[in-house]
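Thanks for coming. Please have a look at the structure on the screen, and then I will go through a few points.

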There are 4 protein chains.
Amino acid sequence: MSHIQVRTDLALEAKESISQEEEQLRGVRVDEYRLDSEGALVTRVSVESKNAAKAMGKPMGIYVTIEAPTLVEADEDYHRDISICLAEELRKLLPQEKELNVLVIGLGNRMVTADALGPQAVDNLCITRHIVKEYGVAAYNCSRMNVLSALEPGVMAKTGMETAEIVRGVVEETHPDALIVIDALAARSVKRLNRTIQITNTGIQPGSGVGNHRNALTRESLGVPVVAIGIPTVVDAATIVSDALEKALADEEFGETAKLFGSSSRIFPELNNMYMTGKDVDEIIKRISFTISEGINIAMEQSME
Amino acid sequence: MSHIQVRTDLALEAKESISQEEEQLRGVRVDEYRLDSEGALVTRVSVESKNAAKAMGKPMGIYVTIEAPTLVEADEDYHRDISICLAEELRKLLPQEKELNVLVIGLGNRMVTADALGPQAVDNLCITRHIVKEYGVAAYNCSRMNVLSALEPGVMAKTGMETAEIVRGVVEETHPDALIVIDALAARSVKRLNRTIQITNTGIQPGSGVGNHRNALTRESLGVPVVAIGIPTVVDAATIVSDALEKALADEEFGETAKLFGSSSRIFPELNNMYMTGKDVDEIIKRISFTISEGINIAMEQSME
Amino acid sequence: MSHIQVRTDLALEAKESISQEEEQLRGVRVDEYRLDSEGALVTRVSVESKNAAKAMGKPMGIYVTIEAPTLVEADEDYHRDISICLAEELRKLLPQEKELNVLVIGLGNRMVTADALGPQAVDNLCITRHIVKEYGVAAYNCSRMNVLSALEPGVMAKTGMETAEIVRGVVEETHPDALIVIDALAARSVKRLNRTIQITNTGIQPGSGVGNHRNALTRESLGVPVVAIGIPTVVDAATIVSDALEKALADEEFGETAKLFGSSSRIFPELNNMYMTGKDVDEIIKRISFTISEGINIAMEQSME
Amino acid sequence: MSHIQVRTDLALEAKESISQEEEQLRGVRVDEYRLDSEGALVTRVSVESKNAAKAMGKPMGIYVTIEAPTLVEADEDYHRDISICLAEELRKLLPQEKELNVLVIGLGNRMVTADALGPQAVDNLCITRHIVKEYGVAAYNCSRMNVLSALEPGVMAKTGMETAEIVRGVVEETHPDALIVIDALAARSVKRLNRTIQITNTGIQPGSGVGNHRNALTRESLGVPVVAIGIPTVVDAATIVSDALEKALADEEFGETAKLFGSSSRIFPELNNMYMTGKDVDEIIKRISFTISEGINIAMEQSME
């Protein structure tokens with residue numbers, strides 16, 4: 001079944017199609033721990049060789065996944081423990097400097113609810129760069145601190161520009177030490193929807209995710225470290241149909257049929273550019289974007305002194 | 001295949017599963033004409049007997065469908081010819097009074113893009129009731145005119161109230177002559193998405209669409225004529241999977257399999273409360289809501305003198 | 001100078017123009033306490049006689065004012081202590097029943113930032129009425145609980161209906177035990193802007209605030225207790241000009257001039273329908289609406305058991 | 001009275017304080033014509049010498065003002081004649097190339113209604129750059145055409161970056177031939193609010209508007225021609241108070257007093273960062289932003305062939 005190519009932005013899902021033996025051979029290292037308060041599982045997948053990268057279909061680097069089934073639920077303090085966990089994982093992937101100048105990029109389209117995660121997360125950040133630039137760190141009563149700036153570049157259909165063009169220009173002009181890029185992902189499984197946070201130091205790879213593509217948001221293309229935070233908020237329509245077919249035919253003698261329909265986007269071209277999401281997507285995006293932005297805010301506060 | 005129950009809010013789609021012979025026998029009358037400027041097909045389905053209603057799974061009444069393939073496209077004057085056509089069909093379904101006091105209800109959730117059609121359409125209406133109430137029709141330099149009011153009742157998850165409770169209360173307090181209710185529908189086919197306007201004098205029926213349900217928005221439940229305008233902006237996820245299975249298995253010997261999976265919401269419970277929509281849904285909803293509101297504005301202007 | 005009539009929605013500001021002696025004579029009782037954690041001052045003004053009401057230009061009833069200079073500042077937990085204080089004061093003004101069915105009305109126009117306080121506060125409420133109605137209080141694992149519903153009625157320019165018409169209809173249909181109405185107010189002083197919460201059991205009085213006006217949202221007009229929560233988010237433009245004139249001329253010999261300009265809306269008719277607000281109004285409204293909605297959520301939770 | 005410095009972003013208002021004789025002497029040339037259909041007056045002020053620039057407090061360049069009293073009114077075709085007029089004036093100020101690659105910058109804060117003009121105007125543009133870049137001009141069935149891209153940079157409080165930093169980076173990366181910058185302005189007079197469009201080839205000057213400031217959006221600072229389109233949507237609070245004082249005291253013997261209060265921001269520091277706007281600002285911004293974006297769309301279409 002692993003030969004059926006379906007689109008997934010989650011390294012964890014990519015890893016699941018590789019057996020454990022293969023992992024060891026190929027330079028994929030996996031650690032995990034539990035976040036008891038939220039019943040969350042944190043998995044760190046290190047893809048450490050080119051072979052491993054090829055097998056995973058993901059670039060070499062570190063992929064941390066916080067699987068938090070509670071994330072979709074309303075919560076009085078917006079799942080603060082998950083924000084703290086996210087902050088700790090972020091700090092490990094960001095440069096280990098005493099003072100960081102970080103630019104956060106909120107990808108996506110504010111006007112499409114399921115795609116508004118990045119823009120909404122950016123709305124809740126504690127932006128400090130302009131204050132520090134004008135008044136110095138003394139404005140915050142400290143001798144050194146991280147500073148934060150943020151950009152919502154918009155989507156190509158509305159700007160006429162590649163996101164990478166906009167980000168590259170702003171990076172060259174404002175010289176951040178690192179980027180954090182927030183994006184809504186497509187998951188393979190409905191069950192992972194809005195329950196998983198992926199943090200990776202490999203940035204964002206358009207399309208196949210291989211090479212130093214000009215439209216990528218990566219260290220290679222931008223010249224600064226890029227940590228990407230992604231949450232699956234939609235499922236690709238063609239993927240759902242593939243999954244449904246697989247599941248439906250799993251116990252039957254229709255294996256060959258399933259393979260035929262595997263790449264359903266070819267068979268159902270009308271499903272291209274379609275995505276699937278839940279009816280309460282507005283509330284969920286609002287809450288999760290807050291959890292994410294608090295994670296970043298906490299990560300940036302840590303070295304203030 | 002017609003025995004597989006899939007959810008559709010479109011009478012046209014319901015009709016398609018009935019053969020022409022059946023139509024005549026059962027009291028379904030169908031007229032159609034073309035709107036040349038937009039290449040649109042206008043179909044009027046009259047369900048004139050209880051038998052016909054039963055066969056269609058739709059209440060007795062008139063269902064006008066404007067199928068306009070251009071509706072998804074950007075257009076300088078927002079498809080004004082379709083607005084005019086909508087206005088004419090609306091006038092035929094509204095009470096034939098010289099002066100009408102019409103309340104427009106914009107159903108849906110403004111915060112979920114695909115469900116924001118009703119609220120956005122209401123935003124563009126020429127609301128006149130409060131002006132006429134305070135200053136008389138002389139404020140508009142005419143001796144008589146239709147007056148318009150509008151309400152965006154919100155969705156039950158946010159109000160804790162049935163839409164019908166809110167609308168009933170407001171109707172009893174403000175005594176409109178008729179209601180126009182605007183709603184985003186679920187279509188069965190991706191091909192109909194955002195290309196079809198359905199206008200019906202049967203109002204809005206929750207669930208099975210039979211009887212004088214307290215949660216319906218109908219003449220029976222509210223005491224005033226209710227004309228509903230619906231546009232399919234989403235496809236039910238379970239429906240897509242059913243359709244994909246049907247299509248995939250159509251030429252094969254898997255008819256029985258297809259039937260098994262027919263009601264995919266039972267087999268794939270995780271698809272309940274999921275819907276599918278296109279990636280450019282924000283632009284499409286913005287444009288179509290404008291076409292709809294202009295249709296209502298034109299319909300209301302007609303009897304000013 | 002106290003004779004110059006300027007528009008204020010705040011009882012505290014009305015009270016300030018009455019001397020302490022007058023207060024005692026006339027049946028105005030004032031209590032106050034400090035909320036140390038936020039440096040807030042809570043003042044409870046009871047207007048207990050018709051004379052007092054006349055002197056204050058406010059109906060008989062209780063007016064609690066929370067003056068919290070920190071309210072405009074960003075805060076990690078959204079000023080939770082103020083939410084708790086608001087919850088306690090709300091409970092004192094609501095009916096003392098074991099189980100309350102409360103309808104919250106978010107007044108204002110979501111599309112105008114300074115007027116979006118009510119709609120935004122309603123967005124963050126824990127709405128329970130529909131769940132309890134369908135599944136009983138057992139859905140929340142308790143034997144009795146308060147239930148909450150909410151409505152955003154919109155503004156007359158967009159609905160063509162008086163807010164009171166809409167609310168009256170919904171109240172008659174859904175029979176709440178009490179209403180909480182949230183509104184953005186106009187303050188007299190820029191210094192009070194976004195720093196003061198007023199809670200009153202006299203509801204909302206349009207215009208002069210006297211009598212049982214059909215457009216009021218009061219116990220008299222709606223038949224159920226109405227607690228209004230108001231925050232000054234704008235200053236009336238004519239008021240600002242009056243204040244500026246007063247201040248400018250205070251030390252001069254131009255007292256008579258000041259009186260002439262006192263009711264500046266007559267002299268400067270172009271200032272009618274104009275209001276003044278701060279440039280960061282979006283962030284402030286977002287934060288304060290959250291503090292308000294949490295106050296209501298906490299008040300409603302208290303009697304769950 | 002002309003010595004009282006009040007803040008105005010409108011060249012027309014600056015010009016009004018210079019007598020006609022002075023104009024001729026100092027190199028200010030003024031032409032005007034009427035746009036009959038809308039009763040609009042179009043004024044072209046050319047500031048042609050350094051002396052003139054100094055007297056006006058505005059840089060050398062061309063300032064076209066369309067004064068259209070109808071602009072605040074609802075209109076079926078969104079004041080298309082004004083859009084056409086704007087398009088013609090824009091073309092005169094843009095480079096006279098056969099094919100232009102224009103980047104539109106929508107300044108302002110989408111979340112603050114009165115400041116959302118730029119972002120909302122950008123929403124309605126026909127963005128073509130990405131299509132032409134991928135498929136060539138053949139995608140639009142023409143042999144050459146102008147291409148359009150757009151950016152909503154956000155405000156410094158939310159990005160931590162100067163708008164000029166963001167724009168400079170994007171310009172250097174995407175190499176447009178010219179910029180069009182859309183901004184909401186502050187007017188001196190309530191009467192001009194939302195009724196005037198200013199188009200200038202001098203770009204946007206922060207603060208005093210003199211010199212090659214790094215935070216300016218001008219040809220000097222960005223290296224490409226910059227045409228700015230501005231509409232006054234707010235009045236500075238301090239300005240209103242000054243105006244009110246002037247008006248109030250005009251017929252009196254209080255000239256000296258008026259002068260004292262002239263720069264009211266010094267006397268009323270609490271008015272800084274406050275602005276005044278009308279209660280129906282949401283509808284007005286929505287309509288005017290559409291008129292502006294159509295003007296740009298028409299200007300860009302003209303050379304398609």
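Which residues have the most contacts inside the largest nonpolar core? They are Ile296(C) and Ile296(D), in a core of 97 residues. Before going on, note that this is a predicted model, where local features need pLDDT of at least 70 and side-chain atom pairs count only at pLDDT 80 or more, while totals for chains, interfaces and linings use all residues. Residues are numbered from 1 along each chain as its sequence is written, chains are lettered from A and ligands numbered from 1 in the order in which they are written, and side-chain values use heavy atoms, with hydrogens and water left out.

A nonpolar core here is a set of buried Ala, Val, Leu, Ile, Met, Phe, Trp, Tyr and Cys residues joined through side-chain atoms within 4.5 Å. Buried means under 20% relative accessible area, exposed over 50%, and partly exposed in between, with a 1.4 Å probe and protein chains only.

Leaving out residues up to four places away in sequence, Ile296(D) touches Leu90(D), Val104(D), Leu125(D), Leu148(D), Ile180(D), Ile182(D) and Ile229(D); contact means heavy atoms within 4.5 Å. Another core, of 96 residues, lies apart from the largest one, and its members include Leu94(A) and Ile197(B).

Now the chains. A turn of 180 degrees and a shift of 0.0 Å along the axis lay chain D on chain A with an RMSD of 0.0 Å, which is the relation of a two-fold axis. The copies are superposed by least squares on the C-alpha atoms of residues with pLDDT of at least 70 in both. In chain D, the residue closest to the rotation axis is Gly169(D), at 1.9 Å (C-alpha).
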